[in-house]
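Subject: Structure handover

Hello,

I am passing on the structure for your own work. Please look it over first; my notes on what was found follow below.

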Amino acid sequence: MRTRFLLTGLAVLLGAFLSCPAQGKERRPAERVLTDPVSGCRVRDHDLSLGRSVRWNGSCRNGFAHGAGVLETFNGSEPADWTEADFVDGRAEGPGRSGREDGTIFQGRFRRGLATGPGTLTLPDGHRYVGAFASGRPTGQGEFVASMGLRYRARVDRDGRVWPGALLGAKAVEPIQAAERPDRKGPAAPGSLEEWLRTPPWDYRAPVGSNPGRPNRDRR
């Protein structure tokens with residue numbers, strides 16, 4: 001129950017972290033141009049919230065972020081998120097990573113500034129989605145790995161949010177062992193050396209009516 005509650009929180013955080021629904025992967029997502037007020041370099045931002053600003057640490061080409069660098073975004077004066085990757089024409093392209101101030105981290109591949117292809121999204125509480133992304137959203141072609149190690153098949157709802165599906169790799173239930181002492185099979189073992197010596201077929205006593213010349217091995 002605790003695991004499902006925590007993974008439900010993961011679905012909510014995924015919806016907040018990633019910006020475009022999987023169902024819209026065939027459409028080009030909306031974006032706008034923001035300018036770093038210090039460097040004058042511009043980037044293309046898919047978050048259309050008001051009060052957004054950017055800071056770019058890297059080179060420019062034709063006025064847009066281009067090449068390896070780190071893009072930081074702010075909501076007002078508060079840090080919002082960051083992206084470390086190679087940029088082309090103001091957008092992240094290829095392998096890279098991004099994160100939020102709460103500790104949420106995405107590592108994988110970008111296309112036109114959005115998570116696209118294989119990647120891993122790690123939440124602050126340690127839960128992970130490992131699988132495919134398309135236009136900034138997980139596709140569900142992957143797994144949830146809970147912080148305690150349980151693995152779930154991922155599923156995505158109509159709004160592009162991710163939820164835990166069927167449990168994967170569950171250990172088979174072992175049969176319950178009875179608490180009673182099991183019944184012995186066959187005769188009970190002798191309880192002493194004397195009893196053992198007097199138990200067939202190890203009876204060393206001279207049989208009654210035997211040859212008197214045969215030595216008696218039951219010498220004590």
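A residue is called buried when its relative accessible area is under 20%, exposed when it is over 50%, and partly exposed in between. At 38% relative accessible area, cysteine 60 is therefore partly exposed. Please keep in mind throughout that this is a predicted model.

Disulfide

Cysteine 60 is bonded to cysteine 41 in a disulfide, with 1.9 Å between the two sulfur atoms. Cysteine 41 sits in the loop between strand 1 (32–35) and strand 2 (42–45), while cysteine 60 belongs to strand 4 (residues 60–61), so the bond ties together parts that are 19 residues apart in sequence. The count for the structure is one disulfide. Unlike its partly exposed partner, cysteine 41 is buried, because its relative accessibility is 1%.

The hairpin of strands 1 and 2

Strand 1 and strand 2 run antiparallel and are joined by four bridges. Within this pairing, leucine 34 is opposite valine 43 of strand 2. Six residues lie between the two strands of the hairpin, and glycine 40 has a positive phi there, near 80°.

The sheet

Which order do the strands of the open sheet follow? There are ten of them, in the order 3-6-7-8-9-10-11-12-13-14, and the pairing is antiparallel. Strand 3 (52–57) and strand 14 (162–168) are at the edges; each has a single partner strand, so one side of each has no neighbour in the sheet. On average, neighbouring strands of the sheet are turned by 20° against each other, with direction ignored.

One pairing inside the sheet is that of strand 9 (residues 105–111) with strand 10 (residues 114–122), which are antiparallel and joined by six bridges. Here phenylalanine 110 is opposite alanine 115 of strand 10. The loop between strand 9 and strand 10 contains arginine 112. This residue is not a glycine, yet its phi is positive, at about 55°. Most residues other than glycine have a negative phi. Arginine 112 is partly exposed, as its relative accessibility is 29%.

Salt bridges

How many salt bridges does the structure hold? The number is ten. In general, side chains of opposite charge can pair when their charged atoms come close.

Two of the salt bridges involve strand 3. In one, the side chain of arginine 52 meets that of aspartate 81 at 3.7 Å, N to O. Arginine 52 is in strand 3 and aspartate 81 in strand 7 (residues 78–88), so this pair ties together parts that are 29 residues apart in sequence. Arginine 52 is buried, with a relative accessibility of 10%, whereas aspartate 81 is partly exposed at 24%.

In the other, arginine 55 and glutamate 72 meet through their side chains at 3.1 Å, N to O. Arginine 55 also lies in strand 3 and glutamate 72 lies in strand 6 (residues 67–75), so the parts tied together here are 17 residues apart in sequence. Both partners are partly exposed: arginine 55 has a relative accessible area of 42%, and glutamate 72 has 29%.

A further salt bridge links the side chains of glutamate 143 and arginine 151, at 3.0 Å, N to O. Glutamate 143 is partly exposed at 25% relative accessibility, and arginine 151 is partly exposed at 31%.

There is also a network of salt bridges, made up of Glu31, Arg44, Asp89 and Arg91. From this network, aspartate 89 is placed in the loop between strand 7 and strand 8 (91–100). Aspartate 89 has a positive phi, near 55°, and it is not a glycine. Its relative accessible area is 33%, so aspartate 89 counts as partly exposed.

Surface patch

Which residues form the nonpolar patch on the surface? They are Met148, Leu150 and Leu167, and together they have about 250 Å² of accessible area. Methionine 148 is in the loop between strand 12 (137–145) and strand 13 (151–156). With a relative accessibility of 42%, methionine 148 is partly exposed.

Regards

Methods. Residues are numbered from 1 along each chain as its sequence is written. This is a predicted model: local features need pLDDT of at least 70, side-chain atom pairs count only at pLDDT 80 or more; totals for chains, interfaces and linings use all residues. Side-chain values use heavy atoms; hydrogens and water are left out. A disulfide is a pair of cysteine sulfur atoms within 2.5 Å. Buried means under 20% relative accessible area, exposed over 50%, partly exposed in between (1.4 Å probe, protein chains only). Two strands pair if DSSP finds at least two bridges between them. Axes are lines fitted to C-alpha atoms, for helices over the stretch in contact, and angles run from 0 to 180 degrees between N-to-C directions. Patches are made of residues with over 30% relative accessible area and no salt bridge: like charges are joined within 9 Å, nonpolar side chains (Val, Leu, Ile, Met, Phe, Trp, Tyr) within 5 Å. Accessible areas come from the Shrake-Rupley method with a 1.4 Å probe; for residues, only the protein chains shown count as cover. A salt bridge is a side-chain nitrogen of Lys or Arg within 4 Å of a carboxyl oxygen of Asp or Glu.
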